[in-house]
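Visitor: I am new to this structure and would like to learn how to read it. Could you take me through a sheet and then a ligand site?

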Amino acid sequence: MTETLTLRRPDDWHLHLRDGAVLRAVLPETARHFARAIVMPNLVPPVMTAADARAYRDRILAALPADMSFEPLMTLYLTEDTDPDDVVSAHAEGLVTAVKLYPAGATTNSASGVRDFGRVSGVLERMAEAGVPLCVHGEVTDPDIDIFDREAVFIDRVLDPIRRATPGLRVIMEHVTTADAVDYVTSAARDLGATITTHHLVINRNHILAGGIRPHYYCLPVAKREAHRRALRAAATSGDPRFFLGTDSAPHVDAAKETACGCAGIFTATNTLSILAHVFEEDGALDRLEGFASLHGPAFYGLAPNADTITLKKGAPTACPERIETADGPVTVFDPGFDLHWRVA
Ligand code: NCD
Ligand code: ZN
């Protein structure tokens with residue numbers, strides 16, 4: 001049995017770092033293990049222009065403890081008013097790695113997102129020409145569509161039409177939660193990738209709703225049925241380079257989660273690698289964890305993998321903090337419901 005596992009240092013291809021006190025508290029949780037992360041732009045107000053991205057990147061780097069290194073890969077929040085020249089020049093100078101599409105109202109801080117997808121077709125064409133990848137929150141917002149069906153419906157109504165209308169656009173379908181999304185990605189050409197979160201490999205919708213409502217398991221896209229979780233596990237552990245890790249670690253202070261209308265978002269930065277090692281070992285795929293966490297993402301984005309490595313060791317169950325303290329209040333760390341035997345050495 002493997003007791004030690006050495007991987008290229010991983011990256012996180014979908015991460016929420018927030019700002020201010022929460023940024024300062026959560027950034028080390030990611031930087032301790034990950035070299036780079038695609039940083040989501042859904043601040044209030046959002047990171048919409050190259051100037052916003054530069055200022056946010058500077059705040060992230062200023063919040064980084066002096067003894068840690070970490071490269072934030074910045075994204076721009078797509079709106080119906082996004083200036084294509086600003087996007088293309090910010091990408092060309094290396095300031096911005098990707099653009100993020102939120103359907104308006106789909107999730108936390110998405111009010112400024114896109115309502116009429118026809119109004120962003122010009123920007124998307126310029127992005128395709130210039131090789132700027134598009135990260136997509138793949139859920140429709142139509143109130144008539146059941147929340148558990150919103151990802152599958154998005155593929156047919158929005159994503160597939162966008163991809164057909166914009167040949168050459170590299171798209172990342174983020175935090176996929178359904179077998180439908182896995183099938184769509186697998187059947188598409190290599191210009192479509194997908195990120196999978198840590199928590200969607202572990203929980204199904206029963207974890208949120210059975211035996212009491214558990215706000216710390218609520219995120220968007222919401223966890224689906226067990227059959228979908230199994231499809232995600234199969235995709236993540238398959239070795240298919242189109243699937244890679246994007247934790248979607250999304251801190252909210254407990255007061256905002258444990259309330260009558262709690263925020264969507266699960267905070268997994270602290271224990272993600274221990275959980276992933278457990279999951280991949282359980283599925284007999286420990287040798288594929290490096291591809292999922294460290295190799296497929298950079299390859300999709302056209303970047304080199306990290307040069308250094310991290311080592312995980314397996315032993316007696318290790319304690320993980322239940323919450324991280326921030327000056328704005330505590331943030332609960334995702335509880336996978338099993339003991340963590342793997343830890344980063
Ligand atoms: C994210 C957040 O809190 O910003 N929440 C979540 O449930 N995943 C937004 C998002 O990625 O949808
Ligand atoms: Zn997210």
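Visitor: In what order do the strands of the open sheet lie, and is their pairing parallel or antiparallel?

Guide: Please keep in mind that this is a predicted model. As a general idea, strands of a sheet pair through backbone hydrogen bonds, and the pairing may be parallel or antiparallel. Here the open sheet has 3 strands in the order β1-β10-β13, and the pairing is antiparallel. At the edges are β1, residues 4-8, and β13, residues 342-344, each of which pairs on one side only. Direction ignored, neighbouring strands of this sheet are turned by 25° against each other on average.

Visitor: How many bridges join β1 to β10?

Guide: There are 5 bridges between β1 and β10, the latter covering residues 309-314, and these two strands run antiparallel. To follow one pair by eye, start at Thr6, whose bridge partner in β10 is Thr311.

Visitor: Which helix packs on the sheet, and which strands does it touch?

Guide: That is helix α10, residues 272-282, which touches β10 and β13, while its direction makes about 140° with that of β13.

Visitor: Turning to the ligand site, how many residues surround ligand 1?

Guide: Ligand 1 is surrounded by 15 residues, and the closest are Arg18, Asn42, Thr107, Leu220 and Asp248. For polar contacts, look at side-chain N or O atoms beside oxygen atoms of the ligand: the distance is 2.7 Å for Arg18, 2.8 Å for His252, and 3.3 Å for a polar side-chain atom of His137. Taken alone, ligand 1 exposes 310 Å², of which the protein buries 100%.

Definitions and conventions
Residues are numbered from 1 along each chain as its sequence is written. Chains are lettered from A and ligands numbered from 1 in the order in which they are written. This is a predicted model: local features need pLDDT of at least 70, side-chain atom pairs count only at pLDDT 80 or more; totals for chains, interfaces and linings use all residues. Side-chain values use heavy atoms; hydrogens and water are left out. Two strands pair if DSSP finds at least two bridges between them. Helices (H or I, at least four residues) and strands (E, at least two) are DSSP runs, numbered from the N terminus. Axes are lines fitted to C-alpha atoms, for helices over the stretch in contact, and angles run from 0 to 180 degrees between N-to-C directions. Contact means heavy atoms within 4.5 Å. A residue is near a molecule or strand if one of its heavy atoms lies within 4 Å of it. A polar contact is a pair of N or O atoms within 3.5 Å; within protein, one must be able to donate a hydrogen and the other to accept it, and residues adjacent in sequence count only if both atoms are side-chain atoms. Accessible areas come from the Shrake-Rupley method with a 1.4 Å probe; for residues, only the protein chains shown count as cover.
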